[in-house]
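Q: I am new to this structure and would like a close look at a single part of it, set in the context of the whole. Please take me through it carefully.

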Amino acid sequence: MHINRSDKIELLIAEEETLLEKINTCELCVSAVLDAIVARQGEIHILTAEGILSSIHTISTDLQTELLHLKLEKIIVASSENASH
């Protein structure tokens with residue numbers, strides 16, 4: 001099955017929106033952990049909290065990289081569409 005360029009771009013835009021939502025979720029989780037550290041000082045094992053923050057940051061960085069590749073693919077698809085007209 002062949003997918004036309006405009007449909008491909010629409011799919012890439014939808015995927016980009018999903019990635020942005022995931023990245024935003026990571027940012028919200030980081031804020032929540034930081035807020036918990038402030039609110040519950042002395043109750044939270046700081047090294048564990050740091051590990052959690054690092055893990056969230058790694059996930060966010062991976063998503064940012066995926067987003068970068070997706071944006072590049074979107075540009076390539078759009079450019080090939082313009083070049084064929």
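A: Ser60 is found in helix α2, which covers residues 46-83, in what is a predicted model. With a relative accessible area of 14%, Ser60 is buried, because the limit for that class is under 20%. Once its neighbours within four places in sequence are left aside, Ser60 is in contact with Ile23 and Cys26.

Both partners lead to further details. Taking Cys26 to begin with, this residue is itself buried, at a relative accessible area of 9%. A search for disulfides through the whole structure finds 0 of them. Cys26 is accordingly in no disulfide, and the nearest cysteine sulfur, which belongs to Cys29, is 6.4 Å away. Cys29 is likewise in no disulfide, with the sulfur of Cys26 as its nearest cysteine sulfur, at 6.4 Å. The reasoning rests on a cut-off: a disulfide needs two cysteine sulfur atoms within 2.5 Å, so a pair is not counted when its sulfurs lie outside that limit. As for its surroundings, Cys29 has a relative accessibility of 36% and therefore counts as partly exposed, whereas Cys26 is buried.

The other partner of Ser60, Ile23, also appears in a distance that involves Gln64. Gln64 is found in helix α2, and although Gln64 and Ile23 are 41 residues apart along the chain, their C-alpha atoms are separated by 7.3 Å. Gln64 counts as partly exposed, at 39% relative accessibility, while Ser60 is buried.

Another place where residues distant in sequence touch is found at Glu16, which lies in helix α1. Leaving out residues up to four places away in sequence, Glu16 touches Leu67, Leu70, Lys71 and Lys74. Glu16 is buried, and its relative accessible area is 13%.

Between the helices, the chain passes through a loop. Ile44 lies in this loop, between α1, which spans residues 5-39, and α2. Its relative accessibility of 31% makes Ile44 count as partly exposed. Apart from neighbours within four places in sequence, Ile44 is in contact with Ala36, Ile37 and Ala49. By contrast, the C-alpha atoms of Ile44 and Leu63, which are 19 residues apart along the chain, are separated by 28 Å.

It remains to set these details within the whole. The protein contains 2 helices and 0 strands, and its C-alpha trace spans about 65 × 20 × 15 Å along the principal axes. Its radius of gyration is 19 Å, where a compact globule of 85 residues would have a value near 12 Å. Among the contacts in the protein with a separation of 6 or more, 76% are accounted for by residues 24 or more positions apart. Of the 85 residues, 19% count as buried, and Ser60, Cys26 and Glu16 have each been described as buried above.

The surface and the charges complete the account. The protein exposes about 6,400 Å², and carbon and sulfur atoms supply 60% of that area. There are 6 positive and 14 negative charges, and the mean positions of these two groups are 4 Å apart.

Key:
Residues numbered from 1 in each chain as written. Predicted model: local features only at pLDDT ≥ 70, side-chain atom pairs only at ≥ 80, totals over all residues. Heavy atoms only, no water. Buried < 20%, exposed > 50% of the residue type's maximum accessible area, 1.4 Å probe, protein only. Helix = DSSP H or I, 4+ residues; strand = E, 2+ residues; numbered from the N terminus. Contact = heavy atoms within 4.5 Å. Rg over C-alpha atoms; globule rule 2.2 N^0.38 Å. Areas by Shrake-Rupley, 256 points an atom, 1.4 Å probe, with all protein chains shown as cover. Lys, Arg positive; Asp, Glu negative; His and termini not counted. Charge placed at Lys NZ, Arg CZ, Asp CG, Glu CD.
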